[in-house]
2 protein chains.
Amino acid sequence: MAKGERPTLTERRAEELRAAIARTAMEIFVADGDTSAKVERIAEAAGVSPRTFHRHFPVKEDVVRPLFRATAEAVANALRDVPDTVDPVEALVAAWTAAMPGGRISEFDRRFLTLMVTTPEYRLRWQEADAELCEVIAGYLDRRLPAGGHPLHRTLPAYLVVHATRHVFEHWITSGSDEDLDALLRDALRMVLAGAAVR
Amino acid sequence: MAKGERPTLTERRAEELRAAIARTAMEIFVADGDTSAKVERIAEAAGVSPRTFHRHFPVKEDVVRPLFRATAEAVANALRDVPDTVDPVEALVAAWTAAMPGGRISEFDRRFLTLMVTTPEYRLRWQEADAELCEVIAGYLDRRLPAGGHPLHRTLPAYLVVHATRHVFEHWITSGSDEDLDALLRDALRMVLAGAAVR
DNA sequence: GCCGATGTGGCAGAAACTGACAGATGTGAG
DNA sequence: CTCACATCTGTCAGTTTCTGCCACATCGGC
């Protein structure tokens with residue numbers, strides 16, 4: 001557990017435990033149709049004590065973070081090795097698609113994400129994962145932006161890309177999910193990248 | 001208290017009480033340098049019982065909402081009667097400036113806003129006020145956008161304008177506030193509106 | 001096998017909330 | 001102006017979330 005070492009066994013176990021608890025919470029939330037389940041119930045269903053739950057998730061709502069972090073990492077991985085010949089818009093859309101298992105969103109996930117969008121405390125955790133994505137996307141866009149200038153010229157386009165994606169996605173989720181998500185994303189990203197002068 | 005009537009005396013009093021409690025909380029937060037003050041203390045300083053506090057603010061963090069709502073309304077008012085001859089970028093920057101008392105941010109406000117930016121639960125309340133601003137800005141941009149098209153073509157530009165403003169503002173706050181905020185805003189808004197084809 | 005480091009659970013308690021009731025204070029009809 | 005009614009407020013008890021502390025189990029290196 002030194003510094004930049006890869007995770008030790010104990011750390012990996014803790015991570016797995018957090019993921020398991022998160023998944024348990026997700027299943028309970030979807031089954032209930034709301035997010036009001038008590039810590040006691042989630043902890044018991046996951047086979048741990050409430051005290052251990054709170055050790056891993058200081059605030060109850062943190063329980064969903066591993067889920068969002070996982071998809072954020074999937075997007076980051078999909079974006080890591082994109083050749084410069086690919087159109088940025090297509091690369092970003094493809095990265096998002098790659099983050100969904102099977103390239104599409106299941107009914108189960110759709111119900112869960114609806115809860116996450118409509119419950120402010122949980123929506124906040126989603127946004128925190130998006131904040132990490134901002135850095136990844138900033139790294140990707142870096143090579144495609146005019147060099148120099150104010151620091152904001154680097155971070156703002158990435159920030160806007162992530163938030164445009166979020167806006168489109170939330171519209172898609174709340175409006176019944178019967179539109180072509182990829183097409184909507186392409187459209188929105190083109191708007192953002194055009195303004196940011198991405199080549 | 002029928003439907004679209006103007007507020008009755010009782011309602012106005014409740015609104016004033018909420019504003020007074022919010023202001024009290026702000027002063028305590030700034031004096032402490034953090035937002036950890038207990039409900040009991042804020043309520044006592046405002047001259048009400050904790051029970052009354054929670055009646056007006058179901059969740060403790062809601063206490064700052066009146067403050068953000070007030071500035072959001074100020075921006076909305078400043079934007080309401082802008083003639084079409086004014087450049088949208090200038091109109092938006094002017095609206096933000098008009099929302100600050102005296103056209104600039106006091107040291108007191110700066111400290112308070114720093115706390116709001118760095119504390120996720122409070123940052124969320126700020127974003128909720130921004131969400132209301134989105135509708136106002138969508139109304140303003142409506143006349144300046146190509147007609148027709150998908151609903152997202154109306155809401156997305158406003159959403160991006162608000163979030164670009166937020167990003168610039170948070171950068172400005174956290175980096176010491178010694179840059180030219182207006183210039184940064186102008187720059188960011190030009191980027192967004194160029195992509196959205198605002199005329 | 002031993003031993004320090006770390007994770008876990010139980011318990012007590014702080015703090016954030018909520019429901020219910022009683023008293024105070026508006027609000028409106030006559 | 002007065003009375004009846006609605007609304008707001010405070011007190012109190014109770015639930016839920018979250019934390020500090022300690023004992024115990026497990027892990028990981030020697």
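Helices are taken here as DSSP runs of at least four residues, numbered from the N terminus. On that basis, Ile42(A) belongs to helix α2 of chain A. The model described here is a predicted one, and Ile42(A) offers a convenient place to start looking at it.

A residue counts as buried if 20 or more other C-beta atoms lie within 10 Å of its own. Ile42(A) has 23 such atoms within 10 Å and is therefore buried. Leaving aside neighbours within four places in sequence, the contacts of Ile42(A) are Thr24(A), Ala25(A), Ile28(A), Ala37(A), Phe53(A) and Val63(A). Glu61(A) stands 19 residues from Ile42(A) along the chain, and 12 Å separates the C-alpha atoms of the two.

One of those contacts, Ile28(A), is part of helix α1 of chain A. With 18 other C-beta atoms within 10 Å, Ile28(A) is partly exposed. Beyond its neighbours within four places in sequence, Ile28(A) touches Ala37(A), Arg41(A), Ile42(A) and Ala45(A). A view along the chain from Ile28(A) leads to Arg80(A), 52 residues away, with 34 Å between the two C-alpha atoms.

The helix that carries Ile28(A) deserves a description of its own. Helix α1(A) is made of 24 residues and spans 34 Å from its first C-alpha to its last, close to the 34 Å expected at 1.5 Å a residue. Its buried residues are Ile21(A), Ala22(A), Thr24(A), Ala25(A), Met26(A) and Phe29(A). These buried residues pack against α2, α3, α4 (65-80) and α6 (107-118) of chain A. Just after the helix, Gly33(A) adopts a positive phi of about 80°.

A positive phi also appears away from glycine. Ser177(A), in the loop between α8 and α9 of chain A, has a phi near 60°, a positive value in a residue other than glycine. This serine is partly exposed, with 15 other C-beta atoms within 10 Å. In chain B, Ser177(B) sits in the loop between α8 (152-174) and α9 (181-195). Its phi is positive too, at about 60°, although Ser177(B) is not a glycine. Ser177(B) counts as partly exposed, having 15 C-beta neighbours inside 10 Å.

The relation between the two chains can be stated directly. Chain A is superposed on chain B by a rotation of 180° with 0.1 Å of shift along its axis, at an RMSD of 0.1 Å. The two copies are thus related as by a two-fold rotation axis. Within chain A, the C-alpha nearest that axis belongs to Gly195(A), at 1.8 Å from it. The same surface serves both copies, since 100% of the contact residues of chain A recur in chain B.

As for the contact between the chains, 18 residues come from chain A and 18 residues from chain B. On the side of chain A that touches chain B, two or more residues are given by each of α7 (120-142), α8 (152-174) and α9 (181-195) of chain A. The largest share of this side, 9 residues, is supplied by α8(A). Sorted by class, the side of chain A that touches chain B holds 14 nonpolar and 4 polar residues, and no charged residues.

The largest nonpolar core contains 102 residues, and those with the most contacts inside it are Ala188(A), Leu189(A), Val192(A), Ala188(B), Leu189(B) and Val192(B). Apart from neighbours within four places in sequence, Ala188(A) is in contact with Ala164(A) and Val168(A), as well as with Leu152(B) and Leu156(B).

Two DNA strands complete the picture. Around DNA strand C there are 19 residues, of which Ser49(A), Thr52(A), Leu9(B), Thr10(B) and Lys60(B) come nearest. At least two residues of the surface near this strand are supplied by each of α1 (9-32) and α3 (50-56) of chain A and α1 (9-32), α2 (39-46) and α3 (50-56) of chain B. The surface near DNA strand C has 7 nonpolar, 6 polar and 6 charged residues.

Around DNA strand D there are 18 residues, and Leu9(A), Lys60(A), Ser49(B), Arg51(B) and Thr52(B) come nearest. Here the elements giving two or more residues are α1, α2 (39-46) and α3 of chain A together with α1 and α3 of chain B. By class, 7 nonpolar, 5 polar and 6 charged residues make up the surface near DNA strand D.

How values were computed
Residues numbered from 1 in each chain as written. Chains lettered and ligands numbered in written order. Predicted model: local features only at pLDDT ≥ 70, side-chain atom pairs only at ≥ 80, totals over all residues. Contact = placed C-beta atoms within 7 Å. Nonpolar A, V, L, I, M, F, W, Y, C, P; charged D, E, K, R; others polar. Near = placed C-beta within 6 Å. Least-squares fit on C-alpha atoms with pLDDT ≥ 70 in both. Expected span 1.5 Å × (residues − 1). Buried ≥ 20, exposed ≤ 12 C-beta atoms within 10 Å, placed from the backbone. Core = buried A, V, L, I, M, F, W, Y, C linked by C-beta atoms within 7 Å.
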